[in-house]
Amino acid sequence: GRRVLTGITTSGTPHLGNYVGAIRPAIDASRQDAVESFFFLADYHALIKCDDPQRVRRSRLEIAATWLACGLDADRVVFYRQSDIREIPELTWLLTCVTAKGLLNRAHAYKAAVDQNLAGGEDADAGVTAGLYMYPVLMAADILAFNAHRVPVGRDQIQHIEMARDIAQRFNHLHGAAYRAASGSDREPFVLPEAVIDESVATLPGLDGRKMSKSYDNTIPLFEGGVRHLRESIARIVTDSRAPGEPKNPDGSHLFAIYRAFASAGEAQALHAALTGGLAWGEAKRILFERVESEIAPMRERYDTLIARPDTLEDILRHGADKARAVAAPFVAHLRDAVGLSDFR
Ligand code: TYM
């Protein structure tokens, strides 16, 4: 069978970018026959960006409730917390030891931190933790522990998936033969994972037109704050100063880009024509709000119920962790054997 896997970092409140970039395509993929899905809360990754335990705790609850509210079927999908799978940090170390340091020097997130430091006249690595530097290896372990084939993500994650492929290839090359001997199988230890990008929404812009992101504080939360907050956020989307009646350029508008991520091709064409014909921005915002709200309103009801039931969420995630470990534990045991960490007997 084909394996689909994706995760969300538990350092903030889920927003429309997470939904259209990862949650919606992942849940769609999980409904196909013959697909095994692994969806998880990347709570070890959260510690890289966030040293506020309250925030991490709250975010884990919000993201757990969000996945389920959006239609994840916990009986069909393996749904778990990264930090419940002790094979992941174990595999992270095995992978760390075959990963070129130079590869990690080229990671976007690390490079951005260095560039910012240098621009500010600081030491290149000022304030950079080893956790930030190692981020791509932990992410490779997330994917490779389950030998996932396909990883639905937004465009910002492509480089990480490419690095996971590089690391997998290196491990296969060094330890493939020993793995085959240890496991009695005739295949490579790791499948090379591929990113699955929904091209119509590859990067959803936020209120100010930059990528919608917790770090830019330009997000539209998916459920938190309720329908009122959704309406107010959409009202704050920055538009150009063209007045009602003046023709607008939809292709340069992030309001239109957000609409396209929710609308059918026909609906998008209709709004495109209306804006070109001079539709007022205020009216376009109303249309966008109605469209988003009609898709997420039923989910928000489920979200509000789930977020008030941490015990239920805990049970679901523990059960998911058992299922996930049943897959990862025997596999990582073979990998340990392959690198030489086997029993003496
Ligand atoms: P994170 O938590 O930043 O984002 C979760 C998912 O949402 C997507 N996304 C977007 N997609 C489109 N437009 C946007 N504006 C937007 N903002 C966020 C992200 O691309 C991502 O798919 N490192 C990952 C979490 C992770 C992971 C993994 C993912 C850890 N291990 C293994 C896949 C496989 C992250 O921080 O995503």
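A residue is termed buried if 20 or more other C-beta atoms lie within 10 Å of its own, exposed if 12 or fewer do, and partly exposed in between, with C-beta atoms placed from the backbone. The structure shown is a predicted model, in which local features need pLDDT of at least 70 and side-chain atom pairs count only at pLDDT 80 or more, whereas totals for chains, interfaces and linings use all residues. Residues are numbered from 1 along each chain as its sequence is written.

**Figure 1. Surroundings of proline 152 in strand β4**. Helices (H or I, at least four residues) and strands (E, at least two) are DSSP runs, numbered from the N terminus. Proline 152 counts as buried because 24 C-beta neighbours lie inside 10 Å. Two residues are in contact if their C-beta atoms, placed from the backbone, lie within 7 Å. Apart from neighbours within four places in sequence, proline 152 is in contact with Val4, Thr6, Ala22, Pro25, Ala26, Ala29 and Val196. Its C-alpha atom is separated by 5.9 Å from that of alanine 26, although the two residues are 126 residues apart along the chain.

**Figure 2. The shell of residues around the ligand**. A residue is near a molecule or strand if its C-beta atom, placed from the backbone, lies within 6 Å of it. The ligand is surrounded by 26 residues, of which the closest are Thr9, Gly17, Gly21, Val153 and Gly154. Two or more residues of this shell are given by each of the elements β1 (2–9), α1 (16–30) and α7 (130–144). Strand β1 supplies the largest share, five residues. For the classes, Ala, Val, Leu, Ile, Met, Phe, Trp, Tyr, Cys and Pro count as nonpolar, Asp, Glu, Lys and Arg as charged, and the others, Gly among them, as polar. The shell has eleven nonpolar, twelve polar and three charged residues.

**Figure 3. The segment 10–18 annotated in UniProt**. The unreviewed UniProt entry places the feature "short sequence motif: 'HIGH' region" at residues 10–18. UniProt positions are given in the numbering used here, feature names are shortened, and annotations may be inferred rather than shown by experiment. Over residues 10–18 the chain is 33% helix and 0% strand. The end C-alpha atoms of this segment are 12 Å apart.

**Figure 4. Contact between domain 1 and domain 2**. Domain 1 comprises 2–204 + 310–339, and domain 2 comprises 223–304; these bounds come from an automatic or database domain assignment. Taken over C-alpha atoms, the centres of domain 1 and domain 2 are separated by 32 Å. Ten residues of domain 1 are in contact with eight residues of domain 2. On the side of domain 1 that touches domain 2, helix α3 (residues 53–69) contributes the largest share, four residues. The residues on that side of domain 1 divide into six nonpolar, three polar and one charged.

**Figure 5. Two loop residues with positive phi, alanine 34 and asparagine 147**. Alanine 34, in the loop between α1 and β2 (35–42), has a phi near 60°, a positive value in a residue other than glycine. Alanine 34 counts as exposed because it has 6 C-beta neighbours inside 10 Å. Asparagine 147, in the loop between α7 and β4 (150–152), has a positive phi near 45° and is likewise a residue other than glycine. Asparagine 147 counts as buried because it has 20 C-beta neighbours inside 10 Å.
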